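Welcome! Please take a moment to turn the model around on your screen, and then let us walk through it together.

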Amino acid sequence: MFVAQNRTIPLLRVSGYWLIAISVIHGLGDILYYFEPWSDILRNGVFNAVDPHFDRGTAFWMLMLSPLVFALGQLCCWAQEHNVRLPVFMGWNLLITSAFGAFLMPISGFWLLIPPSLLMLVESQRHKKSAGNAA
């Protein structure tokens, strides 16, 4: 007789892959979109080549976001793999930051960060409930 197992969708892994994909696309998009400022940075020897140029500063800060989002995605995947509950504040921080960014810049990629933040919050609650049932 077939007995259905209680399988749940690995929300943190989905969130993690989503964030990793966003970070890679964001980084590559930054390099392509800001090709000229990055070329200027390289031509000027990289060291101290950003300030006071606004376009170079924008390119730099756009690229600096990508590794942080990538690391957050990796953390989500790691937590799912090791059955570790992420602190709920991580989901809230990402949700509030991305919602505020989307509010200030409606035509932007901030909207893409809202779904993984919600998945993080749902998984945090789900993990909390399952830990409570096990006790």
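The largest pocket holds about 350 Å³ of space. In this predicted model, 13 residues line that pocket, and those closest to its centre are His26, Met62, Ser108, Gly109 and Phe110. Two helices are worth finding here: H1 and helix H3 (54-81) each supply at least two residues of the lining.

How can one look for empty space like this? Rolling a probe the size of a water molecule over the atoms shows where empty space is left. A pocket is open, while a cavity is a place where the probe fits but cannot get out.

How many cavities of 30 Å³ or more does a search of the whole structure find? There is 1, and the volume of the largest cavity is about 30 Å³. To see where this cavity lies, pick out its lining: Leu86, Pro87, Val88, Gly91, Met120, Leu121 and Ser124. Helix H4 (88-104) and helix H5 (114-134) are the elements that give two or more residues to this lining. H5 gives the most, with 3 residues.

Now let us move on to the aromatic rings. The model has 2 aromatic pairs, counting rings whose centres lie within 6.5 Å. One pair joins Tyr33 and Tyr34: their ring centres are 4.9 Å apart and their planes meet at 85°, so this pair is edge-to-face. Are these two tyrosines buried or exposed? Tyr33 has 68% relative accessibility and therefore counts as exposed, because the cut-off for that class is over 50%. Tyr34, in contrast, has a relative accessible area of 16% and is buried, because that value is under 20%.

Phe60 and Trp61 form another pair, and with ring centres 4.9 Å apart and planes at 75°, this one is edge-to-face too. Here Phe60 has 26% relative accessibility, so this residue counts as partly exposed. Its partner Trp61 is exposed, with a relative accessible area of 60%.

Finally, look at the outside of the model. Ile9, Val14, Trp18 and Leu112 make a nonpolar surface patch of about 350 Å². Where does Ile9 lie? You will find Ile9 in the segment before helix H1 (11-33). With 55% relative accessibility, Ile9 counts as exposed.

Terms used. Residues numbered from 1 in each chain as written. Predicted model: local features only at pLDDT ≥ 70, side-chain atom pairs only at ≥ 80, totals over all residues. Heavy atoms only, no water. Phe/Tyr/Trp six-rings, centres within 6.5 Å; stacked < 30°, edge-to-face > 60°. Buried < 20%, exposed > 50% of the residue type's maximum accessible area, 1.4 Å probe, protein only. Patch = residues over 30% accessible without salt bridge, like charges linked within 9 Å, V, L, I, M, F, W, Y side chains within 5 Å. Areas by Shrake-Rupley, 256 points an atom, 1.4 Å probe, with all protein chains shown as cover. Salt bridge = Lys/Arg side-chain N within 4 Å of Asp/Glu carboxyl O. Helix = DSSP H or I, 4+ residues; strand = E, 2+ residues; numbered from the N terminus. 1 Å grid on protein atoms, 1.4 Å probe; cavity = no way out; pocket = protein on both sides within 12 Å on 5 of 7 lines; lining within 4 Å. Points joined across faces, edges and corners; volume = space filled by probe spheres on them.
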